[in-house]
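User: Hi! Could you walk me through the fold details of my protein before I head back to the bench?
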Amino acid sequence: MQPITSTYRLQLRPDALTLDGARKIADYLQELGVSHLYLSPILTAVDGSTHGYDVTDPTTVSDALGGRQALAALVADLRGRDMGVVVDLVPNHVGVGRAQENPWWWDVLRNGRSSEYAEFFDIDWTQGRFVVPVLGDDGADALTVDRTGPEPALAYHEHRFPIAPGTDHDDPASTHAEQAYELVHWRSGRVGYRRFFTVDSLAALRQDDPAVFDATHREPASWFADDLVDGVRVDHPDGLANPAGYLARLRGLLGQERWLVAEKILTPGESLDPALPVDGTTGYDALSEFGGVFLDPAGEGPLTALHREFTGNAGDTEFLEGAEQDTKREVLWGGLKPEVDRLVEAVRRDSGTATDTAPLTGAVIEVLTRIPTYRTDYGPNRGLLAAAVGGAADARPDLTGALSAVTRAVLAGGEAAVRLQQVCGAATAKAVEDRLFYRTARLTSLQEVGGNPGRFATPVSQFHLMQAARAVNWPRAMTTLSTHDTKRGEDVRARIGVLSQAADLWAQSVRDWEAVTPSPDPATGLFLWQTMFGVWPDDGEPTSLLRARLHDYATKAMREAAVHTDWASVNEEYEGRVHSWIDAVVGGPVSRSMANLVRRLSPHGEVAALGQKLLQLVAPGIPDLYQGTEVWEDSLVDPDNRRPVDFTVRRALLAALDPLDAVDESVKMLVVREALCLRRERPWCFVGGSYTPVFADGPTADHIVGFLRGDEVIALAVRLSVSGFGRRWDGTVVRFPPGRWTDRLSGREFEGTVELSALFVGRSVLLLVRQ
């Protein structure tokens with residue numbers, strides 16, 4: 001196995017980047033300093049899938065991506081370069097949106113409970129026929145029987161469903177009535193199986209069943225046995241019945257040496273359970289730290305006042321805590337109601353109570369709204385459920401009896417205890433990241449997965465303590481700045497973060513723009529003003545392509561917020577007004593003003609972007625680069641951030657890279673290459689290496705952040721540059737440890753005590769190595 005010093009996330013897709021395509025850019029990634037390619041899911045997925053999380057056959061490597069042979073060829077090429085592969089595994093669910101492409105699902109539909117795969121899925125069999133929400137407004141009347149294939153099938157537009165033996169009638173309605181499944185309207189609120197959140201096309205698997213684990217991990221186990229894969233990223237383990245048990249079993253397959261990281265979303269104040277057999281999380285917690293240290297706390301007051309003016313609330317911690325409970329109630333009574341109903345029935349059975357459904361449902365929802373984490377059954381979180389029940393009892397004394405039933409059911413340790421944890425995670429994800437974070441807008445760069453918009457900035461001292469703790473507790477955890485799940489790309493967040501340093505200017509600009517081109521809704525406007533500022537080109541007006549991307553983003557943001565429109569009930573009139581407003585901004589008088597502000601502040605966004613990039617690459621943990629982020633990028637939320645990457649341009653840029661003449665896009669690539677190559681050259685400085693803060697002394701000491709790794713490497717970055725880059729730095733110094741230090745980014749050398757004005761000449765970051 002190759003030692004992992006960094007990863008480079010590739011978003012594989014049949015139409016743009018296959019396994020063979022990954023092999024063709026291996027030389028480029030090697031020169032960039034990457035040690036491991038981190039592949040998006042490679043098992044067979046829905047035909048044409050651009051992400052791979054809708055796996056339809058967990059037993060095969062996707063032929064559309066090249067198959068097992070292409071994987072082996074890629075690994076062989078990488079091994080020859082002293083590189084390796086990490087793969088993204090999806091244990092929680094499979095794709096069932098096209099039933100005919102998933103052989104296990106097809107068999108269950110065809111044979112019902114007698115199917116050998118009936119227990120693979122978390123299906124509710126108590127209703128007799130299990131419910132599949134797929135029909136539109138034309139309903140079951142649009143069903144026909146398709147006899148063109150090898151066997152007849154019920155057809156609903158492009159969908160096909162199997163017909164059980166002996167139930168094929170000329171009448172589609174009669175045929176449908178005799179199947180093990182019942183097709184219903186997708187908005188009926190009826191679902192017969194556990195899903196990934198509220199996505200009907202992703203059916204959950206029962207990994208707690210050893211037979212399911214063995215069947216779904218037979219192919220990955222062969223990768224480990226054949227030494228093809230050096231590590232695994234586990235997608236959404238919180239959806240499983242027993243995440244800790246699953247991870248322990250997976251660790252048994254991997255062995256102790258292979259890298260194992262879990263997509264465990266840590267909410268504010270939550271710690272990763274040290275008992276889990278993993279090397280750490282996938283890095284959302286680190287993302288907020290690297291971004292937060294470049295925010296100016298002085299901007300909190302003006303931005304809070306602007307938020308209150310536009311939305312009627314402060315957008316602070318107090319507001320967000322209450323709003324989170326409100327949005328959790330919305331999703332639990334709404335899109336997640338089928339999961340709640342099933343949980344309530346489990347509570348009734350496990351508690352042995354005859355309590356009516358209405359109070360039981362109210363009690364379950366009141367408890368779930370008060371749980372601040374995805375789950376409470378990890379070691380550090382075990383007291384949270386009791387606190388939530390206590391809070392519910394205080395707020396709703398009328399539910400005392402129902403809360404007692406919930407408590408008895410949970411303590412029984414059966415189905416209800418499991419389902420409560422699974423629904424809890426889904427509620428947190430849908431209510432917070434997918435709803436609340438699209439409604440609030442004090443500073444949108446803080447509104448990321450696992451983020452805390454109520455905490456405005458991370459003090460430098462706190463940042464150092466966080467990194468020192470990671471160096472000791474989770475030295476091999478993944479760190480990241482961009483992923484396929486981030487709401488905004490890292491450079492977009494960095495530019496938006498600069499608004500904390502120019503809060504008064506921003507507030508006045510927004511007020512002026514609203515006077516000229518008022519948004520249809522001030523809260524939505526405040527949110528989208530920041531988005532447009534974050535991606536607005538330095539050289540003027542957005543291109544037609546960027547304008548189209550802004551429209552796509554606005555559509556998703558409005559529907560996720562679910563205030564004026566949503567996915568289930570689209571308000572075309574309101575959405576039309578927002579899109580007309582965006583066109584008026586881009587093509588109207590505000591455009592020039594926006595461009596002027598961007599030209600003024602974007603250099604400071606680049607300072608913050610370079611700083612957070614350097615810190616991430618050198619700090620404790622294993623840094624991951626999301627594809628394409630070695631240069632400036634302006635990605636927004638998926639699917640925008642899964643756009644194909646032009647590696648031809650990047651290859652040429654890397655070939656021409658000159659440390660003495662690195663400007664514009666090449667500056668970021670220079671930082672990436674030198675940091676990653678340094679990690680490969682001196683791995684002992686990083687994983688297992690010490691972490692020591694480097695402080696400046698003097699009147700502007702707070703304008704830098706830096707640290708020493710393993711006594712040989714120093715990273716230094718400018719922060720809060722709007723008020724202090726190169727000005728008033730005289731008298732502020734950095735005292736280097738003994739020895740002569742060479743900057744890998746410029747070749748300049750330093751020793752002893754050096755003034756900031758002499759350190760940061762033409763560059764805002766330094767990567768120093770002791771000679």
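Analyst: Happy to; we can go through strands, backbone oddities, cysteines and cavities, keeping in mind that this is a predicted model.

User: Great, let's begin with β9. Which way does β9 pair with β10, and over how many bridges?
Analyst: The two strands run antiparallel, and four bridges join them. Tyr156 sits opposite His159 in β10, and Ala153 has Pro162 as its bridge partner in β10.

User: How many residues lie between β9 and β10 in the hairpin?
Analyst: Two residues lie between them, and His157 in that turn has a positive phi of about 50 degrees. His157 belongs to the loop between β9 (153-156) and β10 (159-162). For background, most residues other than glycine have a negative phi.

User: And what about β8, how does that strand run against β9?
Analyst: Strand β8 (residues 144-146) is antiparallel to β9, with three bridges joining the two. One of the contacts is Asp146, whose bridge partner in β9 is Ala153. β8 and β9 also make a hairpin, here with six residues between the strands.

User: Where do the β9 side chains point?
Analyst: Ala153 and Ala155 point one way, while Leu154 and Tyr156 point the other way. All of these residues are buried. That fits the usual pattern: in a regular strand the side chains alternate between the two faces of the sheet.

User: Nice. Switching to another sheet: in what order do β6, β13 and β12 come?
Analyst: The order is β6-β13-β12, in an open sheet of three strands with antiparallel pairing. β6 and β12 are at the edges, each with a single partner strand, so one side of each has no neighbour in the sheet.

User: How many bridges hold β12 and β13 together?
Analyst: Two bridges, in the antiparallel sense. Phe196 has Val199 as its bridge partner in β13.

User: What's the phi of Phe197?
Analyst: Phe197 has a positive phi, about 55 degrees, although it is not a glycine. Phe197 lies in the loop between β12 (195-196) and β13 (199-204).

User: Is Phe197 buried or exposed?
Analyst: Phe197 counts as buried, because its relative accessibility is 14% and the cut-off for buried is under 20%.

User: Where is the cis peptide bond that involves Pro639?
Analyst: The bond from Asp638 to Pro639 is the cis one, with omega near 5 degrees. Pro639 is in the loop between β18 (622-626) and α23 (647-655). As a general point, most peptide bonds are trans.

User: Now cysteines, since I'm choosing buffers. How many disulfides does the count come to?
Analyst: The count comes to zero disulfides. Cys677 is in none, and the nearest cysteine sulfur, in Cys685, is 15 Å away.

User: Why is Cys685 without a bond?
Analyst: The closest cysteine sulfur to that of Cys685 is the one in Cys677, and 15 Å is too far for a bond. The cut-off for a disulfide is within 2.5 Å.

User: And are Cys677 and Cys685 buried or exposed?
Analyst: Cys677 is buried, with a relative accessible area of 19%. Cys685 is buried too, with a relative accessible area of 0%.

User: Last topic, empty space. How many cavities of 30 Å³ or more turn up?
Analyst: Four, from a search of the whole structure. The largest cavity has a volume of about 100 Å³. It is lined by 14 residues, and Leu43, Pro58, Val90, Pro91 and Thr216 are the closest to its centre.

User: Which elements give two or more residues to that lining?
Analyst: Those are β4 (55-61), β6 (93-95) and α6 (210-225). The largest share, three residues, comes from α6.

User: What's the chemical make-up of the lining of the largest cavity?
Analyst: There are 10 nonpolar residues, four polar ones and no charged residues.

User: How big is the second largest cavity, and which residues line it?
Analyst: The second largest cavity has a volume of about 70 Å³. Its lining includes Arg9, Tyr38, Arg233, Met478, His484 and Asp624. By class, the lining of the second largest cavity has four nonpolar, five polar and three charged residues.

User: Perfect, thanks for the tour!

Note on methods
Residues are numbered from 1 along each chain as its sequence is written. This is a predicted model: local features need pLDDT of at least 70, side-chain atom pairs count only at pLDDT 80 or more; totals for chains, interfaces and linings use all residues. Side-chain values use heavy atoms; hydrogens and water are left out. Buried means under 20% relative accessible area, exposed over 50%, partly exposed in between (1.4 Å probe, protein chains only). Two strands pair if DSSP finds at least two bridges between them. On a 1 Å grid over the protein atoms alone, a cavity is a set of points where a 1.4 Å probe fits but cannot get out, and a pocket is an open set with protein on both sides within 12 Å along at least five of seven lines; lining residues have an atom within 4 Å of a point. Grid points are joined across faces, edges and corners, and a volume is the space filled by probe spheres set on the points. Ala, Val, Leu, Ile, Met, Phe, Trp, Tyr, Cys and Pro count as nonpolar, Asp, Glu, Lys and Arg as charged, and the others, Gly among them, as polar.
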